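This briefing walks through selected features of one chain, grouped by topic, for a reader who has the coordinates at hand. Please look at the model below before reading on.

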Amino acid sequence: MKKILIFLSLLLLQSTCISSVPTYADDLYYYAKIEKGGTFLYASADESSPLFELPESYFVLLTDKANDKFYNATYLDKTGYVKISEVTPMQGQPNTPFASATFRVFSINGLGLYKSPSLQSAGLITNVPYLTSTINYYGKIEGESIPNKSNVWYYCKFIEPASTYQGYLYSVFCDELSPIVKNQESFPLITSPLFPQKGSGLGGLSDTAKTFIILGVSLPCALIIYLLIKPTLSGQKQKVKKKKPRRRHGDYFEFDENDLT
């Protein structure tokens, strides 16, 4: 019975040690509405890397809080960051969260798809063939331009039978962009802070930092478990080593062969 109680105590102690490691929910997400023009999806959690302007009236999926100014966000299948001050989190799941639009390339020699909105050859990803019309539109951004022409580029996805590419196409050689109808969906606003445990849990830490924290919690627990087990182990060893006493008969001791070992 004593051993069972010790075993249950150890299990309780181990679970307490593990639960003391701070955690946060990984499956939380919210939809936020884009209620004004000039709202961008960024490649990093700062203003230095805009990817494209998000279609007004649609939504982004918020998955975390990157810092005090940016959320981690997803639009269609593109992940990035949005400014906290430029989106409106809502309590609901829209039926059409993202705009669905396509356009066509009409350049006779095809059109280069680039890593950035620039005509620099070093950034060329692939060439989109003439009259390709199944190019998925994500958003637009200003970039390098031909003199006296528009400086607008489209961020898009181009799909071939064996490959999928994402990048920028110069809009001057594109047409037939699908009309993007305003999304009328709306839900009650979320006024409380999102992802409140961000910064107090492990979510914002690197894998190395998480490992050190877990080790820092686990090692003291292991030491406590050892100190609890040690008296029991010591008692068992003493019991094994304890010799059988010699029986006394009157004025002499009985000889025990075990004394020779």
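Cys 156 is buried, with a relative accessible area of 0%, and serves here as the point of entry into a predicted model. From this cysteine the briefing moves to the strand pairing, the aromatic rings and the surface.

**Cysteines**

- The predicted structure holds 0 disulfides, and Cys 156 accordingly takes part in none, the nearest cysteine sulfur being that of Cys 174 at 7.3 Å.
- Because a disulfide is defined here as a pair of cysteine sulfur atoms within 2.5 Å, the 7.3 Å separating the sulfur of Cys 174 from that of Cys 156 does not qualify.
- Cys 174 has a relative accessibility of 8% and therefore counts as buried, the threshold being under 20%.

**Strand 12 and its partners**

- Strand 12, which spans residues 152-159, is mostly covered, since 6 of its 8 residues are buried.
- Strand 11 (residues 135-142) pairs with strand 12 in the antiparallel sense, over 6 bridges, and in this pairing Glu 142 stands opposite Val 152 of strand 12.
- Strand 13 (residues 164-170) also runs antiparallel to strand 12, to which 7 bridges join it; a hairpin of 4 residues leads from strand 12 to strand 13.
- Within that second pairing, Lys 157 has Gln 166 in strand 13 as its bridge partner.
- Phe 158 is another residue found in strand 12, and with a relative accessible area of 4% it is buried.
- The C-alpha atom of Phe 158 is separated by 6.7 Å from that of Asn 136, although the two residues are 22 residues apart along the chain.

**Aromatic rings**

- The structure holds 19 aromatic pairs, one of which is formed by Phe 52 and Tyr 155 and is stacked, with 5.0 Å centre to centre and 25° between the planes.
- Because Phe 52 lies in strand 3 (residues 50-53) and Tyr 155 in strand 12, this stacked pair ties together parts that are 103 residues apart in sequence, and both Phe 52 and Tyr 155 are buried.
- Tyr 75 and Phe 98 form a further aromatic pair, in this case edge-to-face, with 5.1 Å centre to centre and an angle of 75° between the planes.
- That edge-to-face pair links distant parts of the chain, 23 residues apart, given that Tyr 75 is in strand 5 (residues 70-75) and Phe 98 is in the loop between strand 7 (88-90) and strand 8 (102-105).
- Tyr 75 is buried, and its relative accessible area is 0%.
- Ring pairs link Phe 52, Tyr 75, Phe 98, Tyr 138, Tyr 155 and Tyr 168 into a cluster, so that the stacked pair of Phe 52 and Tyr 155 and the edge-to-face pair of Tyr 75 and Phe 98 both belong to this cluster.

**Surface**

- Which residues form a nonpolar patch on the surface? The patch consists of Phe 106, Ile 108, Tyr 130 and Leu 131, which together have about 400 Å² of accessible area.
- Tyr 130 is placed in the loop between strand 10 (124-128) and strand 11, and its relative accessibility of 42% makes it count as partly exposed.

Definitions and conventions:
Residues are numbered from 1 along each chain as its sequence is written. This is a predicted model: local features need pLDDT of at least 70, side-chain atom pairs count only at pLDDT 80 or more; totals for chains, interfaces and linings use all residues. Side-chain values use heavy atoms; hydrogens and water are left out. Buried means under 20% relative accessible area, exposed over 50%, partly exposed in between (1.4 Å probe, protein chains only). Helices (H or I, at least four residues) and strands (E, at least two) are DSSP runs, numbered from the N terminus. Two strands pair if DSSP finds at least two bridges between them. Patches are made of residues with over 30% relative accessible area and no salt bridge: like charges are joined within 9 Å, nonpolar side chains (Val, Leu, Ile, Met, Phe, Trp, Tyr) within 5 Å. Accessible areas come from the Shrake-Rupley method with a 1.4 Å probe; for residues, only the protein chains shown count as cover. A salt bridge is a side-chain nitrogen of Lys or Arg within 4 Å of a carboxyl oxygen of Asp or Glu. Rings of Phe, Tyr and Trp (its six-membered ring) pair if their centres lie within 6.5 Å; planes under 30 degrees apart count as stacked, over 60 as edge-to-face and the rest as tilted.
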